[in-house]
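The following exercises are to be worked with the sequence and the coordinates at hand. Each task is followed by a solution in steps.

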Amino acid sequence: MVEHFIFYLALVLVIIGAIMLANKLKIAYPILLVVAGLLISFIPGIPAIKIEPELIFIIFLPPLLYEAAFAVSWKEMWKLRRIITNFAFVVVFLTALSVAFVANSFIPGFSLALGFVLGGIVSPPDAVSAGAILKFVKVPKNLATLLEGESLFNDASSLIIFRFAMVAVATGQFIWLDAALSFGWMLVGGIGLGVLIAIIFLKVHKTFPTDVNMDTVLSLVAPYIMYIAAEEVHASGVLAVVSGGLFLSVRRHEFLRSSESRLRGANVWQSFAFLINGIVFLLIGLDLPEIMKGLSNEGISLSQAIGYGLLVTAILILVRFLAAFAAVFVTLVMRNFINVADANPGMKAPLLLGWTGMRGVVSLAAALSIPVTMDNGQAFPHRDLILFITFVVILVTLIVQGLTLPALIKKLKFSTHSNNHLSEEETENLLRRGIRHAAFTHLDTHHTHRKEENEYFRKLMDRLEQEDKDDSVHKLSDEAKEIYFETLEEQRKWLREENRNNPKIDEEIVRHYLLKLDLEEERLRIG
């Protein structure tokens, strides 16, 4: 037991080392983690690690989805709702359909239902991999939002396809009416339960006094409750977490009311997401010996299995490219009838979208969740081959697409300025003027007698613009500090209102200013 603990502790150090190396080399860390796990798995005497799919689905998936939903901008996603919905649902279904027909045609013994099982597993691109790559390169805001939004919802659609296909394989039949009703419930029930639980958490925060530790723990517990509650009633746990996370993200200043809760919660979530992302991608590589062992039991040669994996990978890339260029064509047609977020997408965007199809965590978890035997006692057909093909798809897309994506982005020479947003300089000037005006309006209305009483108060109002470095903050009286806190809150309200009402403002910049206000308040409280 002690030896295993030391081994797991060493794995954490490997994760940190691999991510440090990835940052230095400026490549996506999931690539190095999978390769590191693969290399470690071949070391003699390494303890065998068997990944339980429930471990990934219940322990890892909810917080990863929740953290991604909390970070994305709902305002920006809503502008691209049509194309995000198409990529997250329609494209995923077409991808699964294509894989199903190819597997049925070229892999001996693969029925169409079994092909849909494989298609449902490998159809969703991985959010973490694309996000890790985009850290090092600049792409237009609309494109980044599309990738983030797609990745939030495509996991749900792929897992729904996977579940229906599993039923078809086990029963040998597929009843369309039952499937349609189940599909509708998974969508509506998942979204509804996620929002309902989010509302309950929000009400608890508003009704009962909580401290920083309670706020942080509740934010960690929320995604698990959303996921488990939805799965218990056979709705989509993924959609529950995503919808609940988006609901609370828009209302984060109601959910986490104090600046300390927001700052500490963000730090905890960054560390937590960093660790679980690292563990999952390392485990993907470490699981290869187990997958290889099962493959030999099927009597399929390694070269054949690799060939099948590369064939499926090629289909995934081809379908995504076709879908990306089809989206451009549809946009060009529809701009004549409706307003679209980007009426002139050009040819660069579909090239990039087509090459951002790295697979990862959800695909592996779905493959591992296939039971060894079905309810009738028979072995699940080609389970080990499906696992191996999934591993090949993950490995090839991560390494080939992941390593070449930054070079492709640089080659395409995207303009980072979007016509749909003000420039960064214009936005910052607007926000600085706005929060300054909001602050002095509040002072003139409610605290006229205090504004001029303290010579340092106006200097504090200038801190965000002038980055004042003196120690004037320590010279304010307790009453003046409370007035200052009120003023900061008025500035936050103005920023949130301006973000909601002005579609030309990039929410990422607004969040940066909100963070500065929180840091300013904590600096004053500590001082």
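**Exercise 1.** In which hand, left or right, does helix 6 pass helix 18? Describe the packing of this pair and the residues that form it.

*Solution.* The model is a predicted one.

Step 1. The crossing of helix 6 past helix 18 is right-handed.

Step 2. Helix 6 spans residues 112-122 and helix 18 spans residues 383-412; their axes lie 10 Å apart, at an angle of about 30°. Helix 6 is therefore roughly parallel to helix 18, because angles under 35 degrees are assigned to that class.

Step 3. On the side of helix 6, the contact is made by Leu-114, Val-117, Leu-118, Ile-121 and Val-122, which meet Ile-386, Ile-389, Thr-390 and Val-393 of helix 18. Sorted by class, this contact contains 8 nonpolar residues, 1 polar residue and no charged residues.

**Exercise 2.** At what angle do the axes of helix 2 and helix 13 cross? Classify the arrangement and list the residues involved.

*Solution.*

Step 1. The axes of helix 2 (residues 29-41) and helix 13 (residues 259-286) cross at roughly 45° and come within 6 Å. Helix 2 is therefore oblique to helix 13.

Step 2. The crossing of helix 2 past helix 13 is right-handed.

Step 3. Helix 2 contributes Tyr-29, Pro-30, Leu-33, Val-34, Ala-36, Gly-37, Leu-38, Ile-40 and Ser-41, and these meet Asn-277, Gly-278, Phe-281, Leu-282, Ile-284, Gly-285 and Leu-286 of helix 13. The contact of helix 2 with helix 13 comprises 11 nonpolar and 5 polar residues, with no charged residues.

**Exercise 3.** Is Leu-398 buried or exposed? Establish where Leu-398 is placed and which residues it touches.

*Solution.*

Step 1. Leu-398 is located in helix 18.

Step 2. Its relative accessibility is 1%, so Leu-398 counts as buried; the cut-off for this class is under 20%.

Step 3. Leaving aside residues up to four places away in sequence, Leu-398 touches Pro-30, Ile-31, Val-34, Ser-129, Phe-281, Met-358, Arg-359 and Leu-403. Among them, Pro-30 and Val-34 also take part in the contact of helix 2 with helix 13, as does Phe-281.

Step 4. Leu-398 and Ala-28 are 370 residues apart along the chain, and their C-alpha atoms are separated by 8.9 Å.

**Exercise 4.** Is Thr-95 buried or exposed? Locate Thr-95 and name its contacts.

*Solution.*

Step 1. Thr-95 belongs to helix 5 (residues 81-106).

Step 2. With a relative accessibility of 3%, Thr-95 counts as buried.

Step 3. Beyond residues up to four places away in sequence, Thr-95 touches Ser-123, Leu-316, Val-319 and Arg-359. Arg-359 is also among the residues touched by Leu-398.

**Exercise 5.** Where is His-234 placed? Examine its backbone, and then that of His-382.

*Solution.*

Step 1. His-234 lies in the loop between helix 10 (212-232) and helix 11 (237-250).

Step 2. Although His-234 is not a glycine, its phi is positive, at about 65°. At 60% relative accessibility, His-234 counts as exposed.

Step 3. His-382 is found in the loop between helix 17 (361-368) and helix 18. Its phi is near 55°, again a positive value in a residue other than glycine.

**Exercise 6.** How many helices and strands does the protein chain have? Summarise the burial and contacts of the chain.

*Solution.*

Step 1. The protein chain has 24 helices and 0 strands.

Step 2. Of its 527 residues, 52% are buried.

Step 3. Among contacts between residues at least 6 apart in sequence, 82% join residues at least 24 apart.

Technical notes: Residues are numbered from 1 along each chain as its sequence is written. This is a predicted model: local features need pLDDT of at least 70, side-chain atom pairs count only at pLDDT 80 or more; totals for chains, interfaces and linings use all residues. Side-chain values use heavy atoms; hydrogens and water are left out. Axes are lines fitted to C-alpha atoms, for helices over the stretch in contact, and angles run from 0 to 180 degrees between N-to-C directions. Helices (H or I, at least four residues) and strands (E, at least two) are DSSP runs, numbered from the N terminus. Angles under 35 degrees count as roughly parallel, over 145 as roughly antiparallel, 65 to 115 as roughly perpendicular and the rest as oblique. A crossing is left-handed if the near helix is turned anticlockwise from the far one by less than a right angle, and right-handed if clockwise. Contact means heavy atoms within 4.5 Å. Ala, Val, Leu, Ile, Met, Phe, Trp, Tyr, Cys and Pro count as nonpolar, Asp, Glu, Lys and Arg as charged, and the others, Gly among them, as polar. Buried means under 20% relative accessible area, exposed over 50%, partly exposed in between (1.4 Å probe, protein chains only).
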